[in-house]
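Biologist: I'd love a close look at a single part of this model, and then a walk outwards from there. Please take your time over it.

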Amino acid sequence: MSRKKDNYETSRWKKFKSWVDGETDPLDHGMEAHEAIPPREDIYDSAAHEKAVKEELSKIYGEDRRAVLRARGIRYFQRFYKVMSVVLCLGIIMVLLWTVASLPITGNASNPDNNEVAARYIEKGLQETGAVNIVTGMILDYRAFDTFGESCVLFIGSCCVLVLLRLDGDSKNESIRKMIAESDDRHFEPKNDIILQKCACVLVPIIMIFGVYIVLNGHLSPGGGFSGGAVLGSGLILYLNAFGYGKMGKMFTEKLYKRITLCALTFYCLAKSYSFFTGANHLESGIPLGTPGAILSSGLILPLNICVGLVVACTMYAFYTLFRKGGM
Amino acid sequence: MSFVQNFPFFSIILAMFSGIVSSVLSGKKARNLSLAMIVVTTALSAGTLAFCLKTGESYTYMMGHFPAPWGNEIRAGVLEGVTAVLFGVVMFLSVAGGMTHTAEDVEDSKLNLFYIMIDLMLSSLLALVYTNDLFTAYVFVEINTIAGCGLIMIRQKGRSMSAAIRYMIMSQLGSGLFLIGLSLLYDVTGHLLMSPAKESVELLVDSGSYRLPLLVIMAVVSVGLAIKSGLYPFHYWIPDTYGYATPTGSAVLSGLVSKGYIFLLIKIFYRVIGYENLVGAQMINVLYLFGVAGMVMGSVHAIQETDTRRMIAYSSVAQIGYIYMGIGLGTTAGMVAAVFHIFSHSATKALLFISAVGLYEVSGDRKDFVSLRGAAYRNPLAGIGFAIGALSMVGFPMLSGFISKLLFATSAFDSPSKMLPTLFVLAVSTTLNAIYFLRLVITLYSRRREGDKPLPPNPVKKSSRGLKFAIVCFIGLNLVLGMASQPIVQAITDGLAMFE
Amino acid sequence: MDVSLVEHLLLNIEETVSIVLFGIGFTILLLHRNLIKKIMGMNIMDTATYLFLASKGYITGRAVPIVVDGIQDVSAYINPVPSGLVLTGIVVSVSTTALMLALTIRLYERYHSLDLDEILILAKEEEQI
């Protein structure tokens, strides 16, 4: 950034190179959360850095030289490991490239993957699923089991993040209570950033309406539950950043999050179970498909999209709050 | 269509649904729901198995209104039924046995999340067993991975979290390779369902086109799933992962998760690639070599280990090696032996982890050899359980390990080129197994000596009823597998024949 | 032989690029000690797979698979299957990324390091104390 000297040491190339090598972090100056750890490459090269790292270790875990010694021993193993890994990865790339060279050519209509499966989705998709958007029809009707699994991946992902990052206020553990106090940034709120708040006033409604539009039109145009839900989630996050937890807490609490997720996933699970059960037993499902192209059409796809949209919006917002301060 | 045929679908959905509902329940209720769900799904799997045995054939089940090449499908046969029942039983006993420890290790407010992981883990295992669609398999492999990671890191200790991130990294490497393999397969065949994909693969093999891509697909899918199941050169995450999870977590991860991936791999070999093509492509020999290396090296590592729980974990590396060696023999007999060893190992390893917990309880939660000296007198039932598990691993007659070793040895005679190395490695590995397991058993049954490190005050804790119940049932399961092996082996043979 | 191989790779340029990206991501995930960069590598690897799938579904000169004006002819639209697979894959990768980042945050809070090897050593030391 500074251009005081025009030599290699301060040149952008050097900075870029050292960043690529993982030696420096251009964002270091901005983040004061913890003391910077000396970068690892230097640790072993100079005695000063070795001392620094030893202090670092002893600061946390008392005087123990063995850690440093063992770290030094691991270095040699790691060089070998590094070389081996590069060789392995280059090998993988070469083999796969060789494979690609004998794969069918892209964009060719006679490729093996453009077979009767894709043909039926295109030719009969509209009549069989009622969805104008063939991809939506495919993932929510023909291959709905995959998509149900995918929602469960999102659900279990958010559960794991909850396990890791949720801090419980009434916890008996002293250190956890300290962590809550540290990560709680509520006293700095509301920030009253007038520019941000005014922009948010204009943008949040637009974002929310756009998100709802994407969710509701998933079967008619590009979009659907996941993309619309992500847009809705980003709207919630923007609102939170502009107006703070105080205002957000009035309308969106952890209880509400849990209820929405539970209801949406339960409905999804029951609706799809019904459809799988009737399908496999060759029963009529009795769900009207409606007129293709109308907003109330295509059977279960619209309600499923709404469910998925709600779950995704809540999950995105929950990820944000959990990463920021460990709770809603 | 008979109503029983819905059971596989019911069991998968039921497990998922109880996971979803558990998110609003308290920890205790979630636990009870989870246990009840496991019992019901196991009963459903048993029903499926009985149906398949009665009709003597497998069937496919449409997930939706559209038939095979268009909609998702699951498939149930004898082998799937047996595997699902066994997975259910092992899961139930592991959860019941580790219940009290789970409650201690996990924060109260997060206990229900632990049981969500268990529920979704079971549903993904069942889906991996029953699936007839490659992309469904990928999605459920991911659920399995994330749930496994959750089971490790829910303990919130430094070591379990570093183990969890290691596990996640290795699993992601595996999933990435698996996914690229699927994409390549989709590109050359145009199908994601197993049966139509196999037809296309056969056409391709007959016409001799796309030979290289097919070879790469086999390699990439096998390596991806081998990384995830912890085959020897990719085993580095295993000791930490199994060593520092909660007891239930260790038992489930070692007994079931890795087995689920191996079962999927066998299914892909038979139902997509075709076993003859695999044998013809020499891929099998690579798996054989890795398996043999794992059998020896896993045991060697286990001998060097002083932490008993990590020692049991390293022994898993060796046992996974056995399974891959069986797959690599390239004969049906070898495959039967491998599948039987999947069952035998999941029953035995879970028994070892659970009864080891009973021994740690009475030794002040220490896991080294000196502290465990005489532990079998302090907790006789856990001592007996551990001894039986160890003897089964070594291959003592009447126990399940003996049958699988016998099957491996007899199947070796079918493939002349691999007979001598197989028998030799079996002998070496059994000896090594005996060294480290019997050393521990002898330690358990020897009296404490003068000058031993004193145990922490008040070391003797009473084992919970769940733990005792689990140990007794696991011992029973081992004896059943060991003494009534004939019908099970027959079922495996029939089931493998149905895969074709 | 060699010329035709390169030519074929150029014809399949999307796949070629995605395979190279896959290799790069794989390398970073396996090799780099910094956890954040490992996560980046994982994302590169996943995205490369999606690029591969998306390019496999493409057919020159055809439209996205959304029925327009009631035309339901195969020759009008591209293959919808890979697009659906990519959609599913993206959600999976979002969940795993969130999980890995959360783990990284917890490990950094505990050990003040992002270096995986250092974390493993520190964790071992912590156990022995």
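Biologist: To begin with one residue, in which helix does C:Arg106 lie? And once we have that spot, could you show me the chain around it and how chain A meets its partners?

Modeller: Happy to! Please keep in mind throughout that this is a predicted model. C:Arg106 belongs to helix 4 of chain C, the helix that runs over residues 80–111. Is that arginine buried or exposed? Its relative accessibility is 8%, and because buried means under 20%, C:Arg106 counts as buried. Its side chain has a polar partner as well: the side chain of C:Glu109, at 2.4 Å.

Now let's step back to the chain that holds this residue. Chain C has five helices and zero strands, so to speak an α-α-α-α-α pattern when you read along the sequence. Chain C has 129 residues, and 57% of them count as buried. Its accessible surface comes to about 4900 Å², with 68% of that belonging to carbon and sulfur atoms. As for how the chain folds back on itself, take the contacts in chain C with a separation of 6 or more: 48% of these join residues 24 or more positions apart.

From here we can move across to chain A. In the contact between these two chains, 74 residues of chain A are paired up with 68 residues of chain C. The size of an interface is often given as the accessible area lost when the parts come together. For chain A and chain C, the buried area is about 6200 Å², and carbon and sulfur atoms give 69% of it. Between chain A and chain C there are zero salt bridges, while the count of residue pairs in polar contact, both at pLDDT 80 or more, is 12. Several helices of chain A each supply at least two residues to the side that touches chain C, among them helix 1 (12–20), helix 3 (47–61), helix 5 (116–129) and helix 12 (301–325). Helix 4 of chain A gives the largest share of that side, with 19 residues. By residue type, the side of chain A that touches chain C divides into 49 nonpolar, 14 polar and 11 charged residues.

Chain A also meets chain B, and here 54 residues come from chain A and 61 residues from chain B. The area buried between chain A and chain B is about 5200 Å², 72% of it from carbon and sulfur atoms. In chain A, the residues that lose the most area to chain B are A:Phe145, A:Ile156 and A:Val163, which together make up 14% of what that side buries. There is one salt bridge between chain A and chain B: the side chains of B:Asp133 and A:Arg143 meet there, at 2.9 Å from N to O. Across this interface there are also 14 residue pairs in polar contact, both at pLDDT 80 or more. On the side of chain A that touches chain B, the elements giving two or more residues are helix 4, helix 5, helix 6, helix 7 and helix 11 (254–280) of chain A. Helix 7 of chain A provides the largest share of that side, 16 residues. Sorted by type, the side of chain A that touches chain B has 29 nonpolar, 13 polar and 12 charged residues.

Technical notes:
Residues are numbered from 1 along each chain as its sequence is written. Chains are lettered from A and ligands numbered from 1 in the order in which they are written. This is a predicted model: local features need pLDDT of at least 70, side-chain atom pairs count only at pLDDT 80 or more; totals for chains, interfaces and linings use all residues. Side-chain values use heavy atoms; hydrogens and water are left out. Contact means heavy atoms within 4.5 Å. Buried area is the accessible area (1.4 Å probe) that two parts lose on being put together, summed over both. A salt bridge is a side-chain nitrogen of Lys or Arg within 4 Å of a carboxyl oxygen of Asp or Glu. A polar contact is a pair of N or O atoms within 3.5 Å; within protein, one must be able to donate a hydrogen and the other to accept it, and residues adjacent in sequence count only if both atoms are side-chain atoms. Helices (H or I, at least four residues) and strands (E, at least two) are DSSP runs, numbered from the N terminus. Ala, Val, Leu, Ile, Met, Phe, Trp, Tyr, Cys and Pro count as nonpolar, Asp, Glu, Lys and Arg as charged, and the others, Gly among them, as polar. Buried means under 20% relative accessible area, exposed over 50%, partly exposed in between (1.4 Å probe, protein chains only). Accessible areas come from the Shrake-Rupley method with a 1.4 Å probe; for residues, only the protein chains shown count as cover.
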